[in-house]
Amino acid sequence: MHIVVCIKQVPDSAQIRVHPVTNTIMRQGVPTIINPYDLFALEEALKLRDRYGGSVTVLTMGPPMAKQALEKALAYGADQAVLLSDRHFAGSDTLATSFAISRAITKIGRGRAPEIVLTGKQTIDGDTAQVGPGIAKRLELQQLTYVTKIVSVDLHAREIAVERRSEGGTQMLKSRLPCLISVLEGVNAIRRGSVADALRAARSKIPTWGAADAGIEELVNCGLRGSPTVVKRVFAPTPRAEKAIQIEAIEKDSGQLADDVIASILEHQPALEASLHLNGVT
């Protein structure tokens, strides 16, 4: 079985800063990590390979430094990796990104078409959850989103069974292969990776594909030209001037603590107390 995992190198959200004058994200000096949601997808791919055999190819689109994320993925145990990097891709929104990545997956599949394409639910820098479904649409793959568990894969029948989270609970789905799966957070824990994998990752020469290498001729669909999304402004939330109210809870039973909370709310919301009195609530 051939599995392709799409990952992204993102700024560490805990250390992102916004420029006070330009209101743009300051990326200089901010460490980068593999998008945390993508790590769950990578681990699912490795588990499937361990269970059914085959290989795992990791793909990312980004600047040359994104190769660091691929090296990390190889150290976790992925078999091969491809970096999609070209100045024509700069400024891509989710529409242009899904276009370029889908073409790269098609190129990867010329050797052996992937049965499964895995992505994380979303990225922590964009939070759109649109790239995975966009890839599925462009490649005409069956689409399974918000998956919490891959139950089984039948390669002979070309079927896969999964569990996915829905508003009403959990859905059990069976679908045809090939398919694209977006994985929810917390479904597994990424493995440490072996020393042999770490050494192999350090020696690996990861290929870098430009637009021409990926078979992309329609450059109008890439980068800013292919991105209808426009970000008008990025800004940091205004810090709250008021501090949180703390209520001592030591040696208080639940009833007394509840009375204290209600009394504090009414003290700071006199209009609410007046409204309750008007409605006969005491």
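## The second largest pocket

In this predicted model, the second largest pocket holds about 220 Å³ of space. Its lining is made up of R240, E242, K243, A244, I245, I247, V261, S264, I265, H268 and Q269. Sorted by character, those lining residues come out as five nonpolar, three polar and three charged.

## Where α6 meets α7

Two of the pocket-lining residues, I265 and H268, turn up again in a helix–helix contact. Helix α6 covers residues 254–268 and helix α7 covers residues 270–278, and they pack at about 105 degrees with their axes 5 Å apart. Angles of 65 to 115 degrees count as roughly perpendicular, so that is the label for α6 and α7.

On the α6 side the contact uses I265, L266, E267 and H268, and on the α7 side P270, L272, E273 and L276. Between them, the contact residues split into five nonpolar, one polar and two charged.

## Helix α4 and what covers it

Which residues of helix α4 are buried? Within this helix, residues 131–139, the buried ones are G132, G134, I135 and A136. The elements covering them include both strands and a helix: β1 (2–6), α3 (94–108), β8 (116–120), β9 (142–154) and β12 (179–183).

Step just past the end of α4 and you reach E140, which has a positive phi of about 55 degrees.

## Two residues of helix α2

Helix α2 runs over residues 67–76, and Q68 belongs to it. Is Q68 buried or partly exposed? Its relative accessibility is 47%, and since the partly exposed class runs from 20% to 50%, Q68 counts as partly exposed. Setting aside neighbours within four places in sequence, Q68 is in contact with Q9 and T32. Q9 sits 59 residues away from Q68 in sequence, yet the C-alpha to C-alpha distance is 8.3 Å.

A75 is in helix α2 too. Beyond residues up to four places away in sequence, A75 touches R192, G193, S194, D197, A198 and A201. For a pair that sits apart, take A75 and K232: they are 157 residues apart in sequence and 39 Å apart in space, C-alpha to C-alpha.

## S85, tucked into a loop

S85 sits in the loop between β7 (80–84) and α3. With a relative accessibility of 16%, S85 falls under the 20% cut-off and therefore counts as buried.

Which residues does S85 touch, not counting those up to four places away in sequence? The list is G62, P63, P64, T208, W209 and G210. Among these, T208 is 123 residues from S85 in sequence, with 6.4 Å between the two C-alpha atoms.

## Backbone oddities

The backbone has a few spots to look at. One is the peptide bond from L177 to P178, which is cis, with omega near 0 degrees. P178 itself lies in the loop between β11 (169–176) and β12.

Then there are positive phi values outside glycine. Y146 takes a positive phi of about 55 degrees although it isn't a glycine, and Y146 lies in strand β9, one of the elements that help cover the buried residues of α4. Its relative accessibility of 35% makes Y146 partly exposed. R158 is another non-glycine residue with a positive phi, near 60 degrees. R158 is found in the loop between β9 and β10 (159–166), and at 30% relative accessibility R158 also counts as partly exposed.

Notes:
Residues numbered from 1 in each chain as written. Predicted model: local features only at pLDDT ≥ 70, side-chain atom pairs only at ≥ 80, totals over all residues. Heavy atoms only, no water. 1 Å grid on protein atoms, 1.4 Å probe; cavity = no way out; pocket = protein on both sides within 12 Å on 5 of 7 lines; lining within 4 Å. Points joined across faces, edges and corners; volume = space filled by probe spheres on them. Nonpolar A, V, L, I, M, F, W, Y, C, P; charged D, E, K, R; others polar. Helix = DSSP H or I, 4+ residues; strand = E, 2+ residues; numbered from the N terminus. Buried < 20%, exposed > 50% of the residue type's maximum accessible area, 1.4 Å probe, protein only. Contact = heavy atoms within 4.5 Å. Axes fitted to C-alpha atoms, helices over the stretch in contact; angles between N-to-C directions. Parallel < 35°, antiparallel > 145°, perpendicular 65-115°, else oblique.
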